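Biologist: Got a minute to go through this model with me? I'd like to start with how you sort residues by exposure.

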Amino acid sequence: LVGIDVEVAGAIAEKLGMKLEVVDIAFDSIVSGVQAGKYDMGMAGMTVNEERLEQVNFSDSYSTGIQVVIVKEGGKVQSLDDMGADGVIIGTQSGTTGFMYAFGDEKVKGFTKTTDAVAALINGQVDCVMLDNEPAKALVAANADAGLSILDTAYTVEDYAIAINKDNNDLLTKVNAALAELKADGTLQGIIDKYIK
């Protein structure tokens, strides 16, 4: 497993003198897993919102994400305005903010993985896919022959933070202190710059 979240988690663990164990689970199981005490932290480009705040606490932000929309050449969606049209189906990863933003259940089809959502766009099951900018760029590049592109206009910009159990204020305080140090010494920006061009 690689990426901003894994590297930032590793840097935090190192600052705190702890050993990092990464568990790869479905995105929509992260908050409930942290809430139930299965995991100490949840990191996966996760945005703070009211629903999640009822279940877990969040650290200070460690990165900013941009939600974008992948479309197919000649498809029903060629602008953000087209997404609201009758009959348009939006693909997203289940449990993500893209799923929450996407106009309600009747217009949204959730997938376990973003790769599955993009495959559904390619074969006509959905009309566009909403997800984070960095994975979107990688998925468009990986399917270069499919006529996919990312709309020029970002759907939204959001801050990413770390989910921590509400009963674990000690860890929250330590994580925020570690993040502050990682920001101050340039480590955090160095990690982000590796992945976001």
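Modeller: Sure. Buried means under 20% relative accessible area, exposed means over 50%, and partly exposed is in between. Keep in mind that this is a predicted model.

Biologist: OK, so where does Val22 fall, buried or exposed or partly exposed?

Modeller: Val22 has a relative accessible area of 41%, so it counts as partly exposed. It sits in the loop between α1 (4-16) and α2 (30-35).

Biologist: Which residues make a nonpolar surface patch with Val22?

Modeller: Leu1 and Leu20 do; together with Val22 they make a patch of about 270 Å².

Biologist: Switching to salt bridges. How many are there in the whole structure?

Modeller: The search finds five. One of them is Lys194 with Glu7, where the closest N and O atoms are 2.6 Å apart. That pair links distant parts of the chain: Lys194 is in helix α8 (residues 187-195) and Glu7 is in helix α1, 187 residues apart.

Biologist: And how accessible are Lys194 and Glu7?

Modeller: Lys194 is partly exposed at 47% relative accessibility, and Glu7 is partly exposed at 26%.

Biologist: What does Lys15 pair with?

Modeller: Lys15 forms a salt bridge with Asp185, with 3.5 Å between the closest N and O atoms. Here too the pair links distant parts of the chain, with Asp185 in the loop between α7 (169-184) and α8, and Lys15 in helix α1, 170 residues apart.

Biologist: What about Glu134, which side chain does it meet in a salt bridge?

Modeller: Lys137, at 3.1 Å from N to O. Both lie in helix α6, three residues apart, about one turn of the helix. Separately, salt bridges that share partners join Lys15, Glu181 and Asp185 into one network.

Biologist: While we're in α6, why does Asn133 count as buried?

Modeller: Because its relative accessible area is 18%, and the cut-off for buried is under 20%. Leaving aside neighbours within four places in sequence, Asn133 is in contact with Ile66, Val68 and Ile150.

Biologist: Last topic, the sheet. What's the strand order in the open one?

Modeller: The order is β1-β9-β2, with antiparallel pairing. The edge strands are β1 (41-42) and β2 (56-58), each pairing on one side only.

Biologist: How many bridges join β1 to β9?

Modeller: Two, and the strands run antiparallel. Met41, for instance, has Ile164 in β9 as its bridge partner.

Terms used:
Residues are numbered from 1 along each chain as its sequence is written. This is a predicted model: local features need pLDDT of at least 70, side-chain atom pairs count only at pLDDT 80 or more; totals for chains, interfaces and linings use all residues. Side-chain values use heavy atoms; hydrogens and water are left out. Patches are made of residues with over 30% relative accessible area and no salt bridge: like charges are joined within 9 Å, nonpolar side chains (Val, Leu, Ile, Met, Phe, Trp, Tyr) within 5 Å. Accessible areas come from the Shrake-Rupley method with a 1.4 Å probe; for residues, only the protein chains shown count as cover. A salt bridge is a side-chain nitrogen of Lys or Arg within 4 Å of a carboxyl oxygen of Asp or Glu. Helices (H or I, at least four residues) and strands (E, at least two) are DSSP runs, numbered from the N terminus. Buried means under 20% relative accessible area, exposed over 50%, partly exposed in between (1.4 Å probe, protein chains only). Contact means heavy atoms within 4.5 Å. Two strands pair if DSSP finds at least two bridges between them.
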